[in-house]
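Below are some brief points on the strand pairing in this model. Please read them with the structure open.

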Amino acid sequence: MSKGTAQVWAGVDAGKGHHWAAVVDETGATLWSKKVDNDESAILTALGEILDLADRVHWAVDICGTSSALLLALLAAHGQRAVYVPGRTVNRMSGAYRGEAKTDARDAYVIAETARHRNDFATIDVPAQLAADLALLTAHRSDLVADRVRMINRLRDVLTGVFPALERAFDHSSHKGALVLLTGYQTPAALRRRGRARLTAWLANRSVRNADAVAATALEAAQAQQTALPGEDVAAQIVADLAAQTLELDDRLKRIDKQIRETFRGHPQAEIIESLPGMGPILGAEFVVAAGDLSAYDDAGHLASAAGLVPVPRDSGRRTGNLRRPKRYSRRLRRVFYMSAQTSIIREGPNRDFYLKKRGEGCKHVQAVIALARRRASVLWALLRDGRVFTSVPPVTQAA
């Protein structure tokens with residue numbers, strides 16, 4: 001196939017089993033539109049056909065996750081770069097074209113047309129090995145944390161149905177000793193039969209800190225309830241199983257935290273990122289994954305805007321000066337800055353001073369933390385730009 005035009009735009013509606021690719025020319029006419037299996041040989045065949053259409057191909061996809069990982073890797077291997085067209089944009093742009101049909105072919109066409117009309121979409125960079133490792137590890141850790149929260153909530157619900165006094169006595173989400181206790185004893189009668197001395201010894205043999213205090217609290221709850229509720233035996237088995245699974249999840253989280261820490265500290269900018277108060281290795285790894293290539297951010301304001309920390313104007317006619325909360329931003333990047341800012345105000349220092357200053361100006365807690373997160377985004381961007389670690393004393397300004 002000979003090349004007939006100077007440049008074309010290729011839109012890919014990515015999917016798990018297959019993709020649909022459509023190619024348009026400078027007039028918006030469709031030159032090529034086919035279904036492509038999510039397989040290396042099929043993608044390479046389609047890639048060759050599309051590259052033969054023109055001297056230059058502008059690629060655009062609507063998914064930059066696992067579904068399009070193979071596609072993006074093959075594009076990068078052949079010197080092609082793709083931009084990311086958000087699904088919301090594709091949905092809005094669909095209304096600008098004739099018809100109400102919703103098909104993969106039409107979505108691919110809309111993606112290509114949108115990329116043809118706009119040149120401000122973010123370029124998708126295939127991550128390096130270290131960044132890819134961190135992305136997988138942090139995503140897996142998030143799944144484990146979500147599983148743990150679900151188990152704790154289920155455990156507390158079942159325990160409330162048969163032994164509410166014991167459920168109130170401990171914070172089971174953060175008290176390891178309470179979880180160890182539940183693996184062996186879940187009912188008031190069982191605790192009373194065991195007694196304080198033997199219960200303390202049982203907990204101590206399982207390396208529970210302050211075993212005597214845990215045993216005393218549990219027995220006090222057992223003395224407060226003398227009635228056996230319906231379904232107590234079955235509920236006790238479920239509680240014991242959930243407690244054991246939660247303890248196993250805690251061990252898995254410790255192992256993956258160690259792996260994330262070791263992997264993150266192999267990053268060339270890890271020391272700079274971790275030097276910022278409140279930014280530990282876990283949040284630092286999530287920052288590397290969420291922010292991507294920092295050269296894509298022209299200034300600190302661009303980074304803060306990507307994190308949703310910059311208000312958006314909403315003016316119309318005589319109504320000016322109105323600001324609203326942004327809607328399109330990286331939730332993961334915003335979480336990194338928010339959580340690190342909230343952690344940094346625990347200890348004395350410039351972060352806590354700035355937070356208290358904002359509270360003194362009348363800001364609520366969330367508003368003050370967001371203001372601090374915005375300031376920290378500027379600081380972190382400057383540190384990474386200059387290649388220096390954070391210090392509480394500002395650097396000496398030198399003449400150019």
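1. The model is predicted. A convenient place to start is the pair V61 and Y84: Y84, in β5, is the bridge partner of V61. A second pair links W59 with A82, the latter lying in β5 and standing opposite the former. Overall, three bridges hold β4 and strand β5 (residues 82-84) together, and the pairing is parallel.

2. Strand β1 (residues 5-13) also pairs with β4: seven bridges join the two, and they run parallel. One position to check is Q7, whose bridge partner in β4 is R56.

3. Is strand β4 largely enclosed or open? Of its eight residues (54-61), six are buried, so the rest of the structure largely encloses this strand. Buried here stands for a relative accessible area under 20%.

4. The connection from β4 to β5 deserves a look in the viewer. Together with helix α2 (residues 69-77), these two strands form a β-α-β unit, and the unit is right-handed.

5. For the sheet as a whole, the strand order is β3-β2-β1-β4-β5-β6. The sheet is open, has six strands and shows mixed pairing. Its edges are β3 (30-37) and β6 (123-124); each has a single partner strand, so one side of each lacks a neighbour in the sheet.

6. One general point may help when inspecting the strands: side chains in a regular strand alternate between the two faces of the sheet.

Note on methods:
Residues numbered from 1 in each chain as written. Predicted model: local features only at pLDDT ≥ 70, side-chain atom pairs only at ≥ 80, totals over all residues. Heavy atoms only, no water. Buried < 20%, exposed > 50% of the residue type's maximum accessible area, 1.4 Å probe, protein only. Helix = DSSP H or I, 4+ residues; strand = E, 2+ residues; numbered from the N terminus. Pairing = 2+ DSSP bridges. Right-handed = clockwise from strand over helix to strand, strands pointing away.
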